[in-house]
Number of protein chains: 2
Amino acid sequence: MKQSTLLLPTLREVPAEAEIISHKLMVRAGLLRQLVSGVYTYLPLGYRVLRNVQRIVREEMDRAGAQEISMPAIQPAELWKETGRWEAYGPELMRLKDRHDRDFVLGPTHEEVVTSLVRDNLNSYKKLPINLYQIQTKYRDEVRPRFGVIRSREFVMKDAYSFDTSREGLDASYDSMYGAYSRIFTRAGLNFRPVEADAGAIGGKGTHEFMALSEIGEDTIAYCTSCDYAANLEKAEVVYKQEDRVASAGELEKVPTPDVKTIEQLMNHFNFEARSFIKALVFKADDRFVIGLVRGDHELNDVKLKNIVDANVLEMASEAELAQLGLPLGFIGPFNLPDEIEVYADSLVQDMIDVIAGANEVDMHYRNVVPGRDFNVKAYADLRNVVEGDECPRCGGHIAFARGIEVGHVFKLGTRYSEKMGAKFLDVNGKEQLMVMGCYGIGVSRTAAACVEQNNDENGIIWPWEMAPFHVHVVPVNVKNEEQKQLAEDIYSKLCEAGYDVLLDDRAERAGVKFKDADLIGLPIRITVGAKAGEGIVECKLRRSGEGQDIHMDELLAHVAQLAGELQA
Amino acid sequence: MKQSTLLLPTLREVPAEAEIISHKLMVRAGLLRQLVSGVYTYLPLGYRVLRNVQRIVREEMDRAGAQEISMPAIQPAELWKETGRWEAYGPELMRLKDRHDRDFVLGPTHEEVVTSLVRDNLNSYKKLPINLYQIQTKYRDEVRPRFGVIRSREFVMKDAYSFDTSREGLDASYDSMYGAYSRIFTRAGLNFRPVEADAGAIGGKGTHEFMALSEIGEDTIAYCTSCDYAANLEKAEVVYKQEDRVASAGELEKVPTPDVKTIEQLMNHFNFEARSFIKALVFKADDRFVIGLVRGDHELNDVKLKNIVDANVLEMASEAELAQLGLPLGFIGPFNLPDEIEVYADSLVQDMIDVIAGANEVDMHYRNVVPGRDFNVKAYADLRNVVEGDECPRCGGHIAFARGIEVGHVFKLGTRYSEKMGAKFLDVNGKEQLMVMGCYGIGVSRTAAACVEQNNDENGIIWPWEMAPFHVHVVPVNVKNEEQKQLAEDIYSKLCEAGYDVLLDDRAERAGVKFKDADLIGLPIRITVGAKAGEGIVECKLRRSGEGQDIHMDELLAHVAQLAGELQA
């Protein structure tokens with residue numbers, strides 16, 4: 001394609017709304033323009049990148065035996081009522097009415113539609129397993145759209161749904177998707193890590209998130225520095241090892257702590273370390289209330305607590321609810337609780353001796369607290385967030401933290417949807433059974449952005465081969481020089497014929513402007529046609545390494561083929 | 001792909017909601033399923049067809065030098081207010097609010113978005129002309145969705161927008177799109193006709209509709225049986241030739257016509273032909289009222305009238321408005337009119353002598369009416385619909401009617417949007433000028449349906465080569481016969497390797513079921529592997545002609561290549 005006629009509005013200045021490097025570069029390199037908060041237009045270069053992601057995704061999904069379909073973005077509310085999500089989904093769900101005042105949603109996901117489709121069109125074990133996918137525009141009314149297309153309100157996703165006759169079948173479908181995702185993100189040039197995530201009621205290795213590692217990631221990943229264990233923070237297991245216990249030195253004693261509420265205030269007041277206090281948090285778990293205890297230097301993990309208490313919804317108790325229970329915020333502890341409140345504690349709490357905990361009285365704490373002696377716990381369990389330096393649950397190595405952008409998610413749904421929507425099949429004995437489902441998502445636009453986030457330098461983007469909007473940038477230094485112009489056009493034609501995607505900078509701009517733009521756009525190979533054009537010599541340069549060398553026209557195609565091979569390796 | 005694992009739910013019975021053959025076949029052949037009125041899911045086969053249309057469109061748009069982008073479906077109301085379409089667009093426009101209560105539309109079209117994009121990112125004649133296109137899901141809340149994906153509420157369109165520095169530039173952009181569209185619909189296997197359509201204020205040859213000819217088409221096309229002239233009904237020109245005038249035989253005379261209101265009632269009452277009456281219709285043209293006159297046997301063409309009176313909006317006067325004007329419905333004529341009402345008449349009216357017209361009094365008409373003598377006309381012009389048998393305005397041949405499905409539309413917008421939205425460029429002298437725009441749409445899903453509507457027989461669909469979801473259907477008669485099974489799989493692999501899209505019917509179904517499904521699905525070439533499998537002989541049959549012949553395996557690839565060549569010719 002010729003640059004002179006291409007809509008490729010590069011910018012020197014950094015767009016005001018962009019906080020992160022990928023967003024800045026995607027706007028500056030003329031890939032994206034914002035229409036309104038969280039809603040973007042893809043310009044020609046950006047759309048070529050998006051189509052690259054789609055191509056990679058499509059090839060790997062097809063290779064894994066999935067079948068491509070296309071479901072509607074507008075979905076009738078009735079379907080969402082069948083699963084209860086019409087009520088349960090918050091303001092992120094975009095809703096609208098048609099001219100007959102019927103309710104619709106703009107789909108953020110398609111479990112309801114695909115389950116109804118399969119329920120209505122497939123009823124025999126003979127047609128199972130099946131995996132249906134689509135690459136489609138999705139809608140989510142983010143409270144705070146940010147980071148360009150990483151967190152936007154209209155975005156492109158690949159979503160897939162597998163239907164199996166059994167748990168074992170689901171495991172196989174899941175593994176197949178796990179493999180496909182690994183290939184997809186590798187081909188997309190991402191430095192990524194599949195991490196275990198919380199599977200809720202499913203349990204086990206029921207879900208993985210694929211994380212592109214990045215400082216700006218909104219998710220924390222706990223990973224082992226020795227083995228390949230990785231999990232997100234809510235899932236990462238903590239290994240409990242009993243600590244040395246000393247005998248108690250004293251009796252339980254109530255002490256006044258006027259207005260001393262937080263761990264920090266307690267540390268100042270008593271001049272103890274954080275580990276000398278018991279932190280108590282009250283939650284509403286479905287219809288009942290529970291208290292979770294962790295050591296003062298730890299964070300309670302509410303997902304772990306939710307799983308232990310087997311709740312559908314677990315939320316921090318509100319101030320009103322605390323007041324109703326007679327629990328004074330800042331002074332809550334495992335003492336004198338109403339009978340109906342269950343106490344759960346992190347495993348390490350059982351080793352705490354002579355520590356300090358809230359007395360459930362305003363401005364009062366207890367000291368010399370000994371769990372088991374002074375209060376009862378319904379169960380000790382892994383209830384805290386892992387911290388850096390913790391032991392790896394797999395190999396005994398050490399846990400470190402990284403941050404990541406979630407680009408994919410594979411999830412075992414089990415029969416959650418097929419049960420609610422009656423998606424059944426006849427098994428080999430003619431008996432009705434519920435289909436066993438999995439769902440698998442990839443953020444297509446987000447993958448493009450994550451790729452830029454990981455592949456850039458101070459001058460611009462550095463595209464991996466398969467993601468590049470064009471493979472080769474042919475840049476004549478001075479198009480008014482007939483020799484240069486002619487040679488550049490020759491090279492352009494030859495490379496196009498050879499099957500490369502080529503961009504020819506045929507603009508009558510100064511060389512400096514052209515080079516700056518070329519670096520900003522970041523195509524893998526740049527061929528500069530300059531002063532030696534008369535001798536048939538051009539410079540062939542790699543964007544990533546900056547390495548360049550003079551090549552004679554006669555050897556150019558072979559040289560480019562070699563570079564292309566190396567860049568794809 | 002193997003049919004046993006493909007989601008391809010064929011149906012024997014005809015779906016109740018389907019009125020037309022393409023809708024019936026697309027549901028029966030497992031291409032489509034309705035989610036809710038006017039909203040469809042494309043199953044694997046249907047999506048393959050849709051992607052074929054997209055591929056053809058993309059190749060021809062790229063060939064014509066257009067650049068692919070992707071604009072959002074959700075668009076802020078502010079943009080639509082800039083052009084006044086927020087108010088002007090009726091209930092077909094789907095509207096929604098985000099969580100901040102801001103108004104959005106679900107785009108039925110993208111003039112506003114693309115004009116703002118170009119306005120903000122391009123300001124020099126050096127970057128013009130430019131043509132931006134996208135293939136995207138569009139929304140239109142049809143009052144009566146019907147005919148499957150021919151008139152649906154969510155559908156796929158290709159829309160393109162050209163920006164030029166001058167009218168001449170626009171003409172060239174337009175011609176280029178006209179050519180691309182002709183190639184696209186030819187490749188899509190359509191029997192189509194580009195027809196002139198009304199260009200409104202632009203005038204001239206400013207717009208063409210591309211019509212797939214079909215009995216079920218909702219639009220009437222007037223075409224010449226001798227030359228290639230074709231226009232839609234609202235546009236088709238009528239050639240005026242003065243008729244022989246006889247002298248008037250009598251004086252104007254008012255006659256009572258109690259309750260005689262319609263042309264039909266008048267014909268019965270007076271025992272005259274329809275051509276002996278003047279039909280008068282009252283319209284509100286923007287803020288004023290006009291009357292249009294045509295001969296009783298003709299239909300007034302309100303688009304032509306609108307253009308003659310140069311109105312933005314022209315609508316039939318309501319009963320209330322007629323009452324206010326003192327005009328009695330059924331007895332309206334060009335007599336005793338309020339001064340502010342202008343009278344326009346079809347050219348042929350000037351040749352009417354001693355005819356009958358309404359007296360603008362209840363239950364009264366005039367007879368022996370002579371235009372010019374008895375009433376004044378502001379202008380005579382072409383104001384009627386063409387009728388079959390009329391003279392062709394190009395060659396003098398005869399006009400005939402056909403019906404068509406609008407699959408594409410090319411339109412010269414001129415400066416309508418660039419003016420309202422301030423889309424300007426600096427010309428070669430550094431002077432600001434308005435960009436001159438064109439817009440070009442193709443109904444992608446509709447093209448697929450139109451193709452089925454034109455290509456079928458009593459047994460099912462007959463896919464043209466480029467549109468077919470697969471090229472070849474390999475059907476072993478009995479998969480329990482090891483020889484047949486093995487040979488079919490060999491053929492499948494060989495054809496896939498040779499680059500064909502192949503469907504293998506590896507189901508353990510009866511031969512009759514498989515053949516019925518094969519005809520219904522309608523792939524161009526069917527290879528049946530049956531009793532002669534042991535000798536390496538199979539039957540190779542064309543879906544369209546039904547011609548088949550036995551072919552030995554050794555010659556199969558060459559034979560298929562020959563058939564493929566013929567089918568693509």
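**Two copies, one interface**

In this predicted model, a turn of 180° and a shift of 0.0 Å along the axis lay chain A on chain B with an RMSD of 0.1 Å.

Q: Why are the two copies said to be related as by a two-fold rotation axis?
A: The turn is 180° and the shift along the axis is 0.0 Å. The copies are therefore related as by a two-fold rotation axis.

Q: Which residue of chain A comes closest to the rotation axis?
A: That is L96(A), with its C-alpha at 2.7 Å.

Q: How do you know that the copies meet through the same surface?
A: Of the interface residues of chain A, 100% are also interface residues in chain B, so the surface is the same. The contact takes 55 residues from chain A and 55 residues from chain B.

Q: What makes D98(A) and R153(B) a salt bridge?
A: Their side chains meet at 2.9 Å, N to O. The cut-off is 4 Å, so the pair qualifies. The count between chain A and chain B is 2 salt bridges.

Q: How many residue pairs are in polar contact across the interface of chain A and chain B?
A: The rule finds 22 pairs, with both residues at pLDDT 80 or more.

Q: What kinds of residues make up the side of chain A that touches chain B?
A: They divide into 30 nonpolar, 15 charged and 10 polar.

Q: How much area do chain A and chain B bury between them, and what part of it is on carbon and sulfur atoms?
A: They bury about 4,800 Å². Carbon and sulfur atoms carry 60% of it.

Terms used: Residues numbered from 1 in each chain as written. Chains lettered and ligands numbered in written order. Predicted model: local features only at pLDDT ≥ 70, side-chain atom pairs only at ≥ 80, totals over all residues. Heavy atoms only, no water. Contact = heavy atoms within 4.5 Å. Buried area = accessible area lost by both parts, 1.4 Å probe. Polar contact = N/O pair within 3.5 Å; in protein donor to acceptor, adjacent residues only side chain to side chain. Nonpolar A, V, L, I, M, F, W, Y, C, P; charged D, E, K, R; others polar. Least-squares fit on C-alpha atoms with pLDDT ≥ 70 in both.
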